[in-house]
Amino acid sequence: MRQPRQRITAQGLDLKDQVISINRVTKVVKGGKNMSFAALVVIGDEAGHVGFGTGKAREVPLAIKKGIESAKKNLIRVPLIKNTLPHQLIGKYGAGRVMMKPASEGTGVIAGGAVRAVMQAVGVHDVRTKILGSTNPHNVVRATFDGLLKMKDPMELARLRGKQVEEL
C-alpha cells in the first residue's frame with residue numbers, strides 16, 4: 001500500500017511556470033454566447049519539485065493566474081539521479097499512457113509537448129519519453145504525474161534493502 005504523499009509548500013521554492021494549453025470554451029445561452037478560457041499550467045523549480053493546475057476565467061491572464069495558484073497546491077517531489085530518472089516506468093491516466101526512460105548524459109529531453117514541459121519543470125535534462133494512447137494534454141500531464149508519483153527513491157530503496165545505492 002502506498003503511503004499518503006507529503007504536502008509540499010510553495011514557499012521558499014523558486015518556481016517557474018509554463019502554460020501547456022489554453023482552451024477557449026463557448027457556452028450558448030439565451031442572450032448569445034458566453035466565452036471563457038481554460039488554462040493548463042505546470043510549475044517547477046527545476047530541482048525535483050513540480051506541480052500542475054487548471055484555471056478557468058473569462059480572460060486568459062486570469063485563467064493562467066488561477067492555474068498557477070492551483071498548481072502550487074499540487075506540488076510533488078521527484079527523486080532524480082544525475083539529472084535523469086532513477087528507473088523506467090509507465091504513467092497512466094484515462095486513455096493516456098506515458099512511458100519514461102532514463103537516458104545517458106547528453107541525450108537531452110526527448111519528449112512531446114506536454115511531457116516536455118513537465119520534465120523541464122522537474123529539472124530532468126536527460127530522458128526519453130513516448131506518449132502512448134491519448135495525446136490530450138490534460139490526460140498526458142496527469143499520466144506523467146502518475147508515473148512521477150510511482151517513481152521509487154533509490155536512497156530509500158537502498159536503506160530498506162540494507163545495501164548501497166551503487167549496488168542497486
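Helices and strands are here runs assigned by DSSP, with at least four residues for a helix and at least two for a strand, numbered from the N terminus. With that in mind, begin with the whole chain of this predicted model, coloured by secondary structure, and you will find four helices and eight strands. If you then follow the chain along its sequence, the elements come in the pattern β-β-β-α-β-β-β-β-α-β-α-α.

Next, show the C-alpha trace alone, which spans about 70 × 35 × 35 Å along its principal axes.

Now select strand 3, residues 49–57, together with helix 3, residues 137–150, and display the side chains of Phe52 in the strand and Phe145 in the helix. These two residues form an aromatic pair that is tilted, with 4.8 Å from centre to centre and 55° between the planes, and the structure holds one such pair. The pair links distant parts of the chain, since its two members are 93 residues apart.

Are these two rings' residues buried or exposed? Phe52 counts as buried because its relative accessibility is 11%, which is under the 20% cut-off, and Phe145 is likewise buried, because its relative accessible area is 5%.

Return to the whole protein and switch on the surface, whose accessible area comes to about 10200 Å², with 49% of it belonging to carbon and sulfur atoms. Of the 168 residues, 38% are buried.

Finally, select the charged side chains: there are 28 positive and 13 negative charges, and the mean positions of these two groups are 13 Å apart.

Technical notes
Residues numbered from 1 in each chain as written. Predicted model: local features only at pLDDT ≥ 70, side-chain atom pairs only at ≥ 80, totals over all residues. Heavy atoms only, no water. Phe/Tyr/Trp six-rings, centres within 6.5 Å; stacked < 30°, edge-to-face > 60°. Buried < 20%, exposed > 50% of the residue type's maximum accessible area, 1.4 Å probe, protein only. Areas by Shrake-Rupley, 256 points an atom, 1.4 Å probe, with all protein chains shown as cover. Lys, Arg positive; Asp, Glu negative; His and termini not counted. Charge placed at Lys NZ, Arg CZ, Asp CG, Glu CD.
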